[in-house]
Amino acid sequence: MARQRSNTHGTMMETIMETTRRPSLWNGSLRRDHIRLNDLPQDQEGQQYTHYTSSKSGPSSRSRSFAWPFHGRNTSEAQSTSRSSRFTFRTWQPQAFFRPHDDTASTFDRSIIPDYVVNFMRGETPETLARKKEQKKWGQHDVEVAQRRETVASHPLQFSHYYSSSNSDITQDLNADSNWSQRSGLRRHITGWRGGVIFNSLISFLILVVGIICLILVITKTKLLSGESAIFSGDCNTAEHINIGIHVVINVFGVAILSGANYVFQVLSSPTRREVVVAHEKKRWLDIGVPSLRNFAHISGFRTAIATIILLSAVATQVIYNAVIFTTQNVVNYDVAFVTQSFLDHAPFNNNSNTNDGGLSDSDLTNLQDAASKAGAFTNMTSTICLQEFSSVFQPSFDAVLLITDTVSTTSSLIQTSKSGTSLATFTLNNNDITAPDGSLVQYCLARPSAPQTCSVNLSGSILGIAVLLNLATVISMAIILARSTFEPLATLGDAIRSYLRNPDPTTANACLLTKADVQRGNWPLSEAQFFVPKDHYWFQTPSIPRWALTAFSWIAISVPAAAALGLLTSWNLPSAQALTPFGVATPHLTFLPPSSFGTAPMALLNALPQLLLAVLYFVINAHLTTYFLSHEFSLFALGSQPLRVSSNPAGEQTTSLFLTLPRPVSWALLLWFAAAGFVLSQTVFPGVIAFVSSTTGLPPPNPDIVATSFSTRALLALLALLVALALGILGLGARRAPAASLAGGESKGNPLVLRGGACSAVVSARCHHHSERDERDLWLRSVAWGVVEEGQGARPARCGFSSGSVGCVDVGRNYV
């Protein structure tokens with residue numbers, strides 16, 4: 001396994017800076033450092049330098065030669081192996097067992113094989129190695145030497161006082177590098193994808209704390225976990241505002257949990273380089289830089305299980321949290337009485353059992369008779385309107401209705417009373433006329449307005465307990481991945497490019513213009529050079545057809561039912577004032593009883609199930625937009641030099657960020673949209689809980705009388721507007737044209753780095769083969785650009801790849817490998 005090293009000045013100062021990161025485990029001191037034997041700078045004569053000069057021309061100083069440890073030595077050289085010498089050779093280094101290995105496709109571990117043995121088997125001597133080093137160009141000045149995870153040679157040298165302490169510049173550089181090394185351990189865990197996981201875990205933990213506090217308050221108040229606690233009772237307008245405010249907070253929390261779960265899911269589903277190598281050997285490709293269920297078949301089972309738990313628990317939390325809060329309306333049930341016209345003139349009546357099925361007392365009937373004789377005490381309605389008002393599940397506006405018939409009676413002005421809350425639909429004929437029990441027809445109605453009703457905002461302790469447990473499972477699952485310190489996924493495009501530049505993938509060699517269509521057909525590696533055909537690329541061409549189909553299906557699954565419900569509910573012949581009902585308020589004509597009775601908790605969960613479709617839509621849209629911006633980020637390398645944005649361990653000119661692929665502004669806009677959509681959906685369909693209070697005491701019964709499903713047409717309209725805006729946003733971004741790369745003829749058209757058909761590990765790998773004749777060791781540490789790095793000669797095709805220097809433009813009609 002070839003060792004990868006930072007592209008430094010090629011001087012002893014960088015060697016010391018490199019070795020300061022590897023203190024001895026045994027002597028317990030940082031005064032002596034370990035270095036690799038073949039890392040010591042040497043001149044053309046195989047000599048070791050004892051003085052350093054910072055110069056592009058290379059080092060120059062006095063030197064003395066040395067040989068491999070197992071070679072014979074003369075008297076002067078033999079002394080160098082004694083304990084009193086300035087060098088101490090050791091044949092085994094335990095540090096290699098505790099340090100993670102390089103990101104490489106090879107499974108060969110050299111941590112226990114001395115470097116001098118490997119070099120000896122290659123036929124090398126210290127002099128030949130030194131001569132080869134001297135023949136190479138010296139690297140740039142001021143290149144950052146960063147800590148990297150790599151194996152350490154098993155035959156190090158311990159030395160001390162080798163360089164003169166008078167060189168203040170070197171001492172200063174070493175001190176600065178040592179300070180950076182001490183900070184890098186903590187920095188590694190708070191930057192990149194680890195920092196993102198920590199941030200999202202903290203957000204989920206804070207939501208968990210809030211849920212636990214609310215649960216404790218519920219248990220303290222109700223003394224039962226399964227009880228329901230009224231967090232407010234009083235005016236209905238105030239209760240409506242409280243209900244809206246709590247649901248806004250709930251949906252902000254829910255979307256935050258969904259976003260965190262999606263972030264961790266993308267990290268867990270991202271493959272490691274070893275998993276990509278195994279897949280490519282089988283001619284399989286993986287998704288890189290996007291959340292992927294497809295990768296589950298190629299990544300470890302442990303990560304698959306954790307990712308599945310996070311995904312399911314986050315979706316379930318979104319659904320269940322929206323079922324925690326519901327509003328109860330306390331309504332006085334209305335009395336029903338069929339009377340003659342003379343009843344209004346205080347005509348006598350008889351309320352015996354034959355004419356009083358509703359059980360109204362003499363005082364109740366007398367009060368109705370007195371109130372009906374007063375102007376403005378009752379609301380006059382036609383029989384048609386009366387049928388509409390008193391045929392619903394409940395009636396919150398009136399507490400009594402007198403149905404005036406065409407009967408003329410001299411004995412009793414009362415025809416019949418009915419049980420409170422009886423629907424007038426039971427007294428209708430085919431022509432929707434209301435018929436009294438004696439067969440007479442109702443001419444009109446008089447309805448008595450009820451006193452202002454009261455409402456309560458309730459919290460379900462049992463549902464909240466389930467939500468807290470799911471939230472806890474999400475937090476634990478997120479935190480588990482942080483414990484796997486050796487996990488280095490290719491989570492971003494920069495991670496993949498860095499890995500492929502360090503260790504090129506042989507399965508995609510000589511295929512710099514490989515496309516995803518070639519990969520899907522199994523036509524890789526390519527057997528011949530390909531021509532670049534410049535075509536304008538629009539963003540909508542980036543996602544694959546199956547991804548577009550999934551996005552469309554997820555959008556239709558929630559849009560079509562919402563549109564159908566809105567059309568159906570507004571098609572009824574209702575007054576214009578009742579056509580658009582307010583958010584989250586149960587109205588009589590838009591409340592529907594289930595076929596069988598439900599408790600409040602099951603009904604709340606049933607009405608929150610549409611949140612499942614919204615959560616799925618979030619994951620699908622997030623992945624769709626991520627595919628857009630993944631291709632855009634890759635295409636920028638064809639325009640000019642760009643630093644690699646990696647998800648962990650940035651070095652050199654590499655950058656890192658908490659986001660993986662989707663930029664923060666887009667991600668925040670998406671979160672804002674789904675938080676709004678989640679709130680609107682919670683007010684679109686919700687449990688209609690009605691408690692009929694006693695007309696004498698005004699107190700509600702222990703249990704509600706009606707637990708139904710209610711709809712809000714105004715919320716349905718707002719939800720459809722949000723869904724249309726989302727679709728227009730997706731299509732609008734899809735209409736963007738990818739930035740055009742410059743061609744050799746000066747024209748700007750097409751871009752060879754766009755990812756037509758979506759993410760593909762093989763396509764990215766094919767673009768990352770380095771063919772430049774320039775000395776560009778540690779290329780991945782620098783800002784790089786993609787283009788022609790080796791011009792073709794005659795029939796020999798040109799080569800394209802990444803380079804930190806200038807690159808040529810691809811040309812139409814030219815073939816490339």
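L217 is exposed, with a relative accessible area of 56%, where exposed stands for over 50%, buried for under 20% and partly exposed for values in between (1.4 Å probe, protein chains only). This leucine sits in helix 7, which spans residues 192–222; helices (H or I, at least four residues) and strands (E, at least two) are DSSP runs numbered from the N terminus. The model is a predicted one, in which local features need pLDDT of at least 70 and side-chain atom pairs count only at pLDDT 80 or more, while totals for chains, interfaces and linings use all residues. Residues are numbered from 1 along each chain as its sequence is written, and side-chain values use heavy atoms, with hydrogens and water left out.

On the surface, L217 joins F205, L206, V209 and I213 in a nonpolar patch with about 470 Å² of accessible area together. Patch members have over 30% relative accessible area and no salt bridge, with like charges joined within 9 Å and nonpolar side chains (Val, Leu, Ile, Met, Phe, Trp, Tyr) within 5 Å. Accessible areas come from the Shrake-Rupley method with a 1.4 Å probe, and for residues only the protein chains shown count as cover.

Turning to the interior, the largest nonpolar core holds 82 residues, of which W193, Y321, L614, L617, I621 and F674 touch the most other members. Helix 8 (residues 236–269) gives the most to this core, with 12 residues. Such a core is a set of buried Ala, Val, Leu, Ile, Met, Phe, Trp, Tyr and Cys residues joined through side-chain atoms within 4.5 Å. Another core lies apart from it and has 49 residues, including L753, W780, L781 and F802. Leaving aside residues up to four places away in sequence, L617 touches S554, W555, I558, F674, L723 and L726, contact being heavy atoms within 4.5 Å.

Charged pairs complete the picture. Nine salt bridges are counted, each a side-chain nitrogen of Lys or Arg within 4 Å of a carboxyl oxygen of Asp or Glu. In one of them, R448 meets D399 at 3.0 Å, N to O. This pair links distant parts of the chain, 49 residues apart, with R448 in strand 12 (residues 442–449) and D399 in strand 10 (residues 398–405). R448 is partly exposed at 23% relative accessible area, whereas D399 counts as buried at 15%.

R645 and E633 form a salt bridge at 3.1 Å, N to O. R645 lies in strand 16 (residues 645–646) and E633 in helix 19 (residues 610–635), so the pair ties together parts 12 residues apart in sequence. Both R645 and E633 are buried. Finally, E790, R796 and R799 are linked in a network of salt bridges.
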